[in-house]
Amino acid sequence: MPELPEVELVKRDLEKIVGFEIIDYELSDYVLNGHKGNKRTIVKQSLQEFNRVQYSTIYSLGRRGKYMYFSLRKELSDFNLVAHLGMSGAFFIVNNLDEITEKNFKKHWQVIFRLSNGQILVYSDIRRFGEMRIVDSIEGFKPIAEMAPEYTEPSARAHFINTLKSGRYDESFIKPIIMDARILPGVGNIYASEALYISHILPTKRVKNISRERLSNLFDAIIEVFELSLSYGGSTISDYRSVTGGSGEMQNKFKVYGLKTCSEGHELKTKVMSGRNTYYCTKCQR
DNA sequence: AGCACGCTCCGGGCGC
DNA sequence: TGCGCCCGGAGCGTG
């Protein structure tokens, strides 16, 4: 389940294809025709629009929250291929499909881009929750247009605290709300539990009952978790893989997620909040 | 209008 | 061996 650090690591891995041209591409039957009478997956806009990638050159890569994008140039026009990895998306840069050693990722390829250096860029997605879309402007793409500043921006902390303290979220539980990209982009289910544990805040606490100082500590904790994850190569739960097929070690650093006891030895509680599993310690968190 | 909430997409992995 | 259930990011429909 890629969150911001995993997406950032994928983006960094993909830097090596900057400068190459996309000669052509192939879409899986799931992408072309959907599955069992359902709508098409991954590429949800018109295939004609998607076809703009052909003969374009990748001139840079970017990321906002959990979205990454390839900035493309063709003749005199610039546009972007935005990608969201969903639950189980992964990119591979290989010479052919057989070089993808994990069989589920090989089996569930969705888009294959053939590059001008002879390699292929493969987007695989087992559960097909991911998305790829051509947009002219990144800033004009709605989810990004509405997104809060990146955690690395100087304004991010004030935006985080002030938005939470605007009154609009007074009755919300803190845990689901920090996963909202309009508050702070890139926090998913796992790192939400981790950051709340580190900042000693109960996930079931209502926003109105958390001081600005504690929210500031929570912001610090989220950044701490992001940076730690980046340094450990991300989390590999089941479906996240780096571009080269490697896996991260952050899952071994979890303090609460998926665990029975916290680092202090207290028994952990779990609760489903907004449909998602949440881990917390009633002794360490208030 | 704008918001909160629940449903939906999906296959691997697990328990029974 | 097979069946039912669980998991979750984010868009969408509903109230």
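**Exercise 1. Polar contacts to DNA strand C**

Determine which atom of DNA strand C is 2.9 Å from an N or O atom in the side chain of Arg 276, and place this contact among the others made to the strand.

*Solution.* In this predicted model, the partner of the Arg 276 side chain is a base nitrogen of DNA strand C, at 2.9 Å. Next, consider the phosphates. The side chain of Tyr 67 has an N or O atom 2.9 Å from a phosphate oxygen of DNA strand C. For Asn 277, a polar side-chain atom is 3.1 Å from a phosphate oxygen of the strand. These distances fall within the 3.5 Å limit for a polar contact.

**Exercise 2. The surroundings of DNA strand C**

Describe the residues around DNA strand C and the part of the strand that they meet.

*Solution.* There are 13 residues around DNA strand C, and those that come nearest are Tyr 67, His 84, Asn 189, Arg 276 and Asn 277. Among the strand atoms within 4 Å of the protein, 61% belong to sugar and phosphate. Sorting the nearby surface by class then gives 6 nonpolar, 4 polar and 3 charged residues.

**Exercise 3. Helix H9**

Compare the length of helix H9 (residues 212-231) with its expected span, then identify its buried residues and their packing partners.

*Solution.* First, H9 contains 20 residues and spans 29 Å between its first and last C-alpha, close to the expected 28 Å. Second, its buried residues include Leu 215, Leu 218, Phe 219, Ile 222, Val 225 and Phe 226. Third, the buried residues of H9 pack against helices H1 (4-14), H6 (156-164), H7 (174-177) and H8 (189-198). Finally, just after H9, Gly 233 adopts a positive phi of about 80°.

Notes. Residues numbered from 1 in each chain as written. Chains lettered and ligands numbered in written order. Predicted model: local features only at pLDDT ≥ 70, side-chain atom pairs only at ≥ 80, totals over all residues. Heavy atoms only, no water. Near = heavy atom within 4 Å. Polar contact = N/O pair within 3.5 Å; in protein donor to acceptor, adjacent residues only side chain to side chain. Nonpolar A, V, L, I, M, F, W, Y, C, P; charged D, E, K, R; others polar. Helix = DSSP H or I, 4+ residues; strand = E, 2+ residues; numbered from the N terminus. Expected span 1.5 Å × (residues − 1). Buried < 20%, exposed > 50% of the residue type's maximum accessible area, 1.4 Å probe, protein only. Contact = heavy atoms within 4.5 Å.
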